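Please look at the sequence and the structure shown here before reading on. The report that follows describes a bound molecule and the enclosed spaces inside the protein.

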Amino acid sequence: MFDYKVSVLALLLGASVHAGESVDVLHWWTSASERGAARFLQNRLADEKIDWRDAAIPGGGGVGAMRVLKSRVLAGKQPAVAQLIGPAIAEWADLGLILELDSVAKANDWNHVLSPTIRQLLIHREHFVAAPLGLHRINNLYYNVKLFRKLGLAEPKTMDDLKRAALRLSAAGITPMGQSSEAWQVATLFESLVLMEGGPAFYRDVFVKRNASAYLDSRFGRALSRLRQLRSYTNKSAREQPWSEVAQQLSNGQVGMVVMGDWFKGELLSMGQKLDVDFACASVPNTQQYHLYSIDSFVMFTGDYSQQDAQEKMAQILVSPAVQQGYNRIKGSVPVRRDLDAKAMSSLDRCATSSWQTFNKGKSVQAPSLVHRMAADEKFKDAIVAQVQKFYLDESISVQDNQQRMAAMVRALNAQEGNIE
Ligand code: BGC
């Protein structure tokens, strides 16, 4: 019902957010640390009278959340805010469904505080259409410090070191590597191996430029062989476990090492594990100088524009220095801002410092995560991820055969897009 008094009051208050404005937030943060990070945001927004109504969809890597988002939009029930990242943002923005955030960006100087790589992910047709949350690094190797100490093992820097550690762990009756067989988790490991074998330029040829001949290259073949090698250090009958269960296994010493994005560090910390006492972070061998990245962001759906004030206020809060620091510490990621002062820098742990400093060296060391939606559209990503998992699980497929299959698949996908080489 139209409430005349409330409307007059709202007019008098100008553009301020209505008391207790509710926004639906669709995301895929359901592990303990992810929920903790979301709760942190929820509380900060509550301080500003914005009520975050949680619509969390389980499923690491966001596979389920993207499906739910599509069906909600088709049913005309889009959330006010959704976790949407990478090139998919442009697809939704093209449909005219996403709120432009230029006034927030201008008032808060996003053009300067965000690096070009981050900005480019948030801008569509020269408008800011998403608010960034955190910068994740994917090429991390976590290991159980107590096990390594007990067995006299040093941090693996090369694949030979990693092999030595794996053999020692195995001889001590411990599964060397924790690894779920879930498709996105296998492919998350694989993309680090492509970076390891080829460096960022080759990585981009494979996953961004979709150059079919790169799939036939010996570097791609070596990455596939490495995947098989690493599988031999895992429990081969591992089921499709959630990644947070793998974190439990590392923390209780059931497995010695795990390759995963740094949300894994957030999860270990949320379990009370201490960095460099219980677990440590290293880079995937030979990728120390590179940053395989994924940047989380939220988009705001336009709907009837009735929530625009709250949405804009939320975007501003998410990127503010204090929220960036608090949220990213829980989440395991690092602030998206490149203007961290000495105090903010000193609050980062050594894994976070290394991630932030490496990323901010610029594009030549950066590689956009395919699996975590930075490199390609959903269709291409899903096809590659599925084939990598197939190869991983079925050892009767030879490396060479798989290279041929993937090259043919990429050619077909490119042809469908009218992107024929
Ligand atoms: C997201 C992270 C999330 C992880 C596991 C990634 O794609 O960027 O925020 O923690 O998936 O669900």
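## The ligand and its cavity

The largest cavity is the space that the ligand takes up. Here a cavity is a set of points, on a 1 Å grid over the protein atoms alone, where a 1.4 Å probe fits but cannot get out, and its lining residues have an atom within 4 Å of a point; a molecule sits in a cavity if more than half of its atoms lie within 2 Å of its grid points. This is a predicted model, in which local features need pLDDT of at least 70 and side-chain atom pairs count only at pLDDT 80 or more, while totals for chains, interfaces and linings use all residues. Residues are numbered from 1 along each chain as its sequence is written, and side-chain values use heavy atoms, with hydrogens and water left out.

Around the ligand there are 13 residues (each with a heavy atom within 4 Å of it), and the closest are W29, E34, D296, K331 and H372. Domain 1 (6–137 + 294–363) and domain 2 (140–291 + 369–416) both contribute to this shell, so the ligand lies between them; the domain bounds come from an automatic or database domain assignment.

Three side chains have an N or O atom in polar contact with an oxygen atom of the ligand (a pair of N or O atoms within 3.5 Å).

| Side chain | Distance to a ligand oxygen atom |
|---|---|
| E34 | 2.4 Å |
| H372 | 2.7 Å |
| W28 | 3.3 Å |

The protein covers 100% of the 310 Å² of accessible area that the ligand has on its own (Shrake-Rupley method, 1.4 Å probe).

The largest cavity has a volume of about 120 Å³, where a volume is the space filled by probe spheres set on the grid points. Its lining comprises 16 residues, with W28, G61, W263, D296 and H372 nearest its centre.

Searching the whole structure gives four cavities of 30 Å³ or more. The second largest cavity holds about 40 Å³ of space, and residues including G178, W243 and F264 line it.

Terms used
A polar contact is a pair of N or O atoms within 3.5 Å; within protein, one must be able to donate a hydrogen and the other to accept it, and residues adjacent in sequence count only if both atoms are side-chain atoms. On a 1 Å grid over the protein atoms alone, a cavity is a set of points where a 1.4 Å probe fits but cannot get out, and a pocket is an open set with protein on both sides within 12 Å along at least five of seven lines; lining residues have an atom within 4 Å of a point.
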